[in-house]
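Dear colleague,

I am passing on a structure for you to look over, and my notes on what was found in it follow below. Please read them with the structure open beside you.

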Amino acid sequence: MNSLDMAGHLIRRLHQQSTQVFTQRTQAAGFDLTPVQFAALDAIQAHPATDQATVAELIAYDRATIGGVIDRMEQKGWVKRIVSERDRRARELSLSPEGERIHATLLPIVQELQNEILQPLDEAEQSAFLALASRVVRA
């Protein structure tokens, strides 16, 4: 098997293409954020008052580096950290009004760009691809 046809290489290339489409579409909409930042915004919106370790788990991101992602989003005014009433050492995350606005504006754009990422596939192939990729990720 040619190394360019191996799963690892193809997954890396698909990730590059996906990130490029995400960046182009979000920048065209006037936003400067990474796919990881959007994933974190989405996780916080879906799970308000969660801590950053849980956000890292929800988006399958490294716990050691999620802090930097959250720091940058807090500096941009998208996320608020408050001291947890249950555990004074913990910080609970929630979206600021600006974070809510950005999430609401970007969600349909991100949903639409999914079609662009998988555009070469017909609807049945897209469904099959997503089912198989999901199965591999969850294994």
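Does Arg81 count as buried, partly exposed or exposed, and at what relative accessibility? The model is a predicted one, and in it Arg81 has a relative accessibility of 24%, so it counts as partly exposed, given that buried would require under 20% and exposed over 50%.

Arg81 is also a convenient place to begin with the charged side chains. Its side chain meets that of Asp71 in a salt bridge, with N and O 2.9 Å apart. This pair links distant parts of the chain, since Arg81 is in strand β1 (residues 79-83) and Asp71 is in helix α4 (residues 63-75), with their positions 10 residues apart in the numbering. Arg81 forms a salt bridge with Glu74 as well, at 3.0 Å from N to O, and Asp71, Glu74 and Arg81 are accordingly linked in a network of salt bridges. Asp71, with a relative accessibility of 32%, counts as partly exposed, and Glu74 is likewise partly exposed, with a relative accessible area of 32%.

The count of salt bridges comes to four, and one of them joins Arg25 to Glu116, where the closest N and O atoms are 2.9 Å apart. This pair, too, links distant parts of the chain, with Arg25 in helix α1 and Glu116 in helix α5, 91 residues apart. Arg25 counts as partly exposed at 27% relative accessibility, and Glu116 counts as partly exposed at 37%.

Helix α5, which holds Glu116, runs over residues 97-117, and its 21 residues reach 30 Å from the first C-alpha to the last, close to the 30 Å expected at 1.5 Å a residue. The helix nevertheless bends by about 30° at Leu106, and a proline, Pro108, follows within four residues. Leu106 is itself one of the buried residues of α5, a group that also comprises Gly99, Ile102, His103, Ile109, Val110, Leu113 and Ile117. These buried residues pack against α1 (7-28), α2 (35-46) and β2 (91-95).

Helix α2 has 12 residues and reaches 16 Å from its first C-alpha to its last, close to the 16 Å expected at 1.5 Å a residue. Its buried residues are Gln37, Phe38, Ala40, Leu41, Ala43 and Ile44, and what covers them includes α1, α3 (52-58), α4, β1, β2 and α5. The elements that carry the salt bridge between Arg81 and Asp71, namely β1 and α4, are thus among those that cover the buried residues of α2.

Last comes the largest pocket, which has a volume of about 1500 Å³. It is lined by 31 residues, of which His15, Ser18, Gln114, Leu130 and Val137 are the closest to its centre. Helices α1, α2, α5 and α6 (123-138) each supply at least two residues of this lining, and α6 gives the most, with nine residues.

With best wishes

How values were computed: Residues are numbered from 1 along each chain as its sequence is written. This is a predicted model: local features need pLDDT of at least 70, side-chain atom pairs count only at pLDDT 80 or more; totals for chains, interfaces and linings use all residues. Side-chain values use heavy atoms; hydrogens and water are left out. The expected span of a helix is 1.5 Å times one less than its number of residues. The bend at a residue is the angle between axes fitted to the seven residues ending there and the seven starting there. Buried means under 20% relative accessible area, exposed over 50%, partly exposed in between (1.4 Å probe, protein chains only). Contact means heavy atoms within 4.5 Å. On a 1 Å grid over the protein atoms alone, a cavity is a set of points where a 1.4 Å probe fits but cannot get out, and a pocket is an open set with protein on both sides within 12 Å along at least five of seven lines; lining residues have an atom within 4 Å of a point. Grid points are joined across faces, edges and corners, and a volume is the space filled by probe spheres set on the points.
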